[in-house]
Structure formats: structure tokens, C-alpha cells
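Reader: Could you take me through one part of this model at close range? I would love to hear about the metal site.

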Amino acid sequence: MPLVPKPLGVAAAVLCFSLCSSLLLLGAEAKVRHYDWEISYQHKSPDCFEKLAVTVNGEAPGPTIYATQGDTVVVTVHNKLETENTAIHWHGIRQIGTPWADGVAGVTQCPIQPGETFTYKFVVDRAGTYLYHAHYGMQRVAGLNGMIVVTVPEGVWEPFRYDDEHTVLLEDWWHKSVYDQATGLSAKPFVFVGEPQSLLINGRGTFDCSKLANSTGLCNNSHPDCTLPTQFTFVPGKTYLLRIGSLTSLSSLSFEIEGHLMTVVEADGHYVRPFVVRNLFIYSGETYSVLVKADQDPRRNYWATSHIVGRNASSTPSAKAIVSYAGNDPRKTPPTVPTTGPAWDNTVIRVEQSRAIVAHPGYAVPAPARADRTLLLLNTQNYINGHTKWTINGVSLHFPATPYLVSMKHDLTDAYDQHPPLDTYDHRGHDISAPAQTNGTIGSPVYRLAFDSVVDVVLQNSNMLNDKSETHPWHLHGHDFWVLGHGEGKFDPAADAWRLLNIKDPIMKNTVPLHPDGWTAIRFHANNPGVWLFHCHVEAHVFMGMGVVFEEGVERVGRLPSSIMGCGHSKGLH
Ligand code: C2O
Ligand code: CU
């Protein structure tokens, strides 16, 4: 049933998109969507190599959650991992009024122990494409992830048309267990996870078993999990919306469909000024919707591929899915050699694409003219007591045993670091091309933001210990931010860099890349009471400390559910 007569609906949608979302939904028939999930380890061979994967009801990736804007999603999680904790984050959902449902072990809740059941309940207040994944240690890379599709309510229209849609979840995949990876990262000397063995599209990839010197029998190129690539059916002449999300652990990707152009129309739940690409660069934690017209020769099939960019990963095969035109045998291999994608080290074209992403004219939310506070966050790689760590302004983030939300709400002041972290690094004195080996510290600090203030963050890249600079996709929990700009080299707050930033029609996102040797500036409104993680979405990097924590208006947060407590200093609280 339409909520409001159509013309009004469109106007309300425009208004609502920028301002409130909830206004429109007053009186709407919001539904409650219940999901019951068993989280367990299963043997899986997504790329023909058998390994243990963390699954949702036996599947990795897990099921796509479908809901309509304004609905309440209730997910009951049963931890059947037997010997491992878990927690699940709903990536891109702002959790307005439910900061305890954000699913970050150490920040918003205690981990869910084996045998325990935990219920997440939150409102999906804005249409768009979102993600979910484990947020406990490095568990995400073991397979616990999936997508969330939130559609516009009846009577409300998106600023584009399509006939049908497909979801496309991109991942990278290792044969080493998640324990092996994490142990290497914390070892002295440090052992990096290395490049992935394969890339997956909707959980399927291919690893050539003959590449293994002594196949242990764990690799089987005729395993049913991996023999058929993912297929997307196109009916000739129709237009498809592809909802593409990346939950890679490490890799930046380029996605393309042979012979077809893609029109980018949505990013992280916001409509963008449409632009056409042959290949889409997508970073971990980002989602994009693209329109693709089935306008090619319908007598054959086409490759849809993802390739690694930003790192030299020539040994990792590209992921290949098949776009099959209706009427063809969907399994029929396209007659062409799959493309290899753009040069991995062409940073310029990636920065250009990032800059092309601005708000759709009818939906732009201008950024506030200025900020109340500016944080200059410099990332450096440091040796700390023989460990290789990432630090932000000299501090490597370590999650405390007591979730910040609980300790801050209940004034458990010895549960986290009381020293405020630095708002700015020595930007004049720091040479971003010199590998910083200064001794940083490991800690659990928090940036306390004045409630309702406007905050700017300038992320500044610098070289790693190996003298290279790489891409870091930064994700903010609990908010969308305005992407003000991407720049090269060192951001100088004294110079006129500020003038060059886009406050007129910036796109709003929850994840944005910080490109090699550059900086990225964002602005957000600290108006969502809670404690929120802001971190690099590369799983190994956040594990090594690449993140910060923001608190705003914690005193306004309602009574915390006792289900998030029980660990660290929160024992006995309720
Ligand atoms: Cu998808 Cu804290 O991340
Ligand atoms: Cu990173």
C-alpha cells in the first residue's frame, strides 16, 4: 500500500533523504524482519581448496538480508562455534538510538561466547546497499559476511529505473586459517598474511590445484563448491541494477563486465551523480549500485571479473563469474579470454574515480560550512617492543576487555585510557615519505567529541616500514560523512587546501579510500549518541591497531541492555 500519494512521496523522499528519513515513515507500515542464525564452522571449498569457514546457517557468505526502509531487523545469533567467540556488525547501518547493536566486540558489546544466544535489533532507516560481517578479532576473513539490501518504500522512487537486480559480493580468500594469519601478524618478527590465493564473487572462485607442489587431497578442482562459477542472467534489452559490495580482507579491486559499460548510481546508500565506467574500483567496506544494460550480442555469454589493484598480486588469479544472456546455456564459458584489468600500480586513475563520486543533484546534502574541530590523523607503521604495528598519531589501538560503550556509560574510568589522544601530528616536522620507525605506544584511548558538533578528519597517509605507501579504506561506524576531497602528498592546514574542498555537493559515505602518498578529508556531524569505531577496513591493519574510537553524547544513550555486558569490568553490571 502506498504511504502517500505519489507526487508528495517523491518530494518527501527528497526531503527525507537529506533530513530525517523517519518523518516519511510516520504512519508507514514498517515490518519486523526476523532472522535466526546459527554461526558454525563448516568445511568449505569456495575456490576448490578445502578449509574451515565460519558460516551462517551453514553458508559462507551468509544470506542477503532484504528489508524495506523503516523496517526493524531482528537477528537472533546462536554461537555454535564451540571454541570461539563472535560478534556481528551491520556495516553502514547507523544504529540511531541503538548504539549497543553495532556489533563490535570491545567497543559496543562483550563478545558472544560459544553456546550463547544474542539478539540484534535495529531499524534500517535508509534505503541502499549495506553489508554485515563478524567484528571479533580477524573472524571476518574466515567467511562470516554478507549483504543487506534495503529498498525504498512503496510509492517512493529512486532517481533511476531498472528491470531487475542482482547482488554481487566481492571477497579475497586465503588458504591459511584465520588463526595462522593472526598469529603471524602478532609474532616477532612479524609475518604478513601475504596476497590472497583467490578472489571470490558471491562466494565462488577458482584456485588451480595443480599449482600445489604436493596436493594434500584438500584441493579438488571438481569439488561441487567450486566447479560452477557464479552466474548472472541478463534478458536482452533489459536494464539491471547490480548491487556490488566489497568485503575483502586486504585487496582493493577493479570489477568489470566484459563488453558492458556500468553507470554508477549509488554509493554506500546515497545517490550519486550518475557517471559511466568500464571498470569500477571498489575498496573493502564500500558498496556501489551500477546500472548495466543487456545490450550486447545475446548469442554468447560474458565474463564478469574482479582484479586486485593497488598491490602487486600477480600470483592471485582474478575472480570470474559469468553473465549469461537468457536462452544460452548459463554455464557456457564465454568465447573470450577474461580481461586482466587495469595496471595495479596506476593510482592516478583510481584517485580520479574517487573524485568523480559526488552527490546526485536532487539529493545533495551540502556539508556544514565549517567544522568545530579538526583531527589530523597520520598513519605510520612502527616497531613497538619488537612488534610491527600501525599507529594513528603515534597510538596503536588495542580493544579493552570492557566494551567502551559500557565503561563510558557507567564511568568505569580504569577500563580504558584516560589520556586524550592527539588531535594532530607534527605536520610540519613529519616527512611522510620517510618510513617512521619512532616508537609509538599501544593503548585504548578515545576521542571525546562534543555532542552535535561538526568534526573534520583529515587522514594522512605515509610510507610503511618497507618504504611504500598503500591504500587504506577508512570506515566510520554510526555515521555517514561528507567526502570533502582527496589530495596528493602532505595536507597542509596552513595552506589553502581547505578552499579546494567540496562542501557544495559532496557524496556522503561510510567508507572512503585513503590513497597511497595522499590525504583524504571528511566531515561529519557528531550527533549520534554512542561510542563508534573509525578504522581502516583492511582486516590485518585494524588488527595491527589502525583505528580510533569516538565518543559523543554517551550520557544521552538510554539504558544499556545487560546482554552486551559480562566481560572485563562489566561483570555484575545490569
Ligand atoms: Cu565493516 Cu568496523 O567494519
Ligand atoms: Cu589500512
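Author: Happily; here is a walk around the copper site, followed by a short stop at a sheet.

This is a predicted model, in which local features need pLDDT of at least 70, side-chain atom pairs count only at pLDDT 80 or more, and totals for chains, interfaces and linings use all residues. Residues are numbered from 1 along each chain as its sequence is written, chains are lettered from A and ligands numbered from 1 in the order in which they are written, and side-chain values use heavy atoms, with hydrogens and water left out.

Three residues coordinate the copper ion (ligand 2): His 472 through ND1, Cys 536 through SG and His 541 through ND1, at 2.0 to 2.1 Å. Donors here are N, O and S atoms within 2.8 Å of the metal (3.2 Å for Na, K and Ca); water is not among the atoms, so sites may look incomplete. Along the chain, the donors of this copper ion show the spacing H-x63-C-x4-H. Distant parts of the chain are linked by the pair His 472, in strand β26 (residues 472-476), and Cys 536, in strand β31 (residues 530-536), which lie 64 residues apart. Strands are DSSP runs of E, at least two residues, numbered from the N terminus. His 472 and Cys 536 are both buried, meaning under 20% relative accessible area (1.4 Å probe, protein chains only).

Now to the sheet. Four strands form an open sheet in the order β2-β1-β4-β6, with mixed pairing; two strands pair if DSSP finds at least two bridges between them. Strand β1 (residues 32-44) runs antiparallel to β2, and six bridges join them. His 43 has Leu 52 in β2 as its bridge partner.

Terms used:
Buried < 20%, exposed > 50% of the residue type's maximum accessible area, 1.4 Å probe, protein only.
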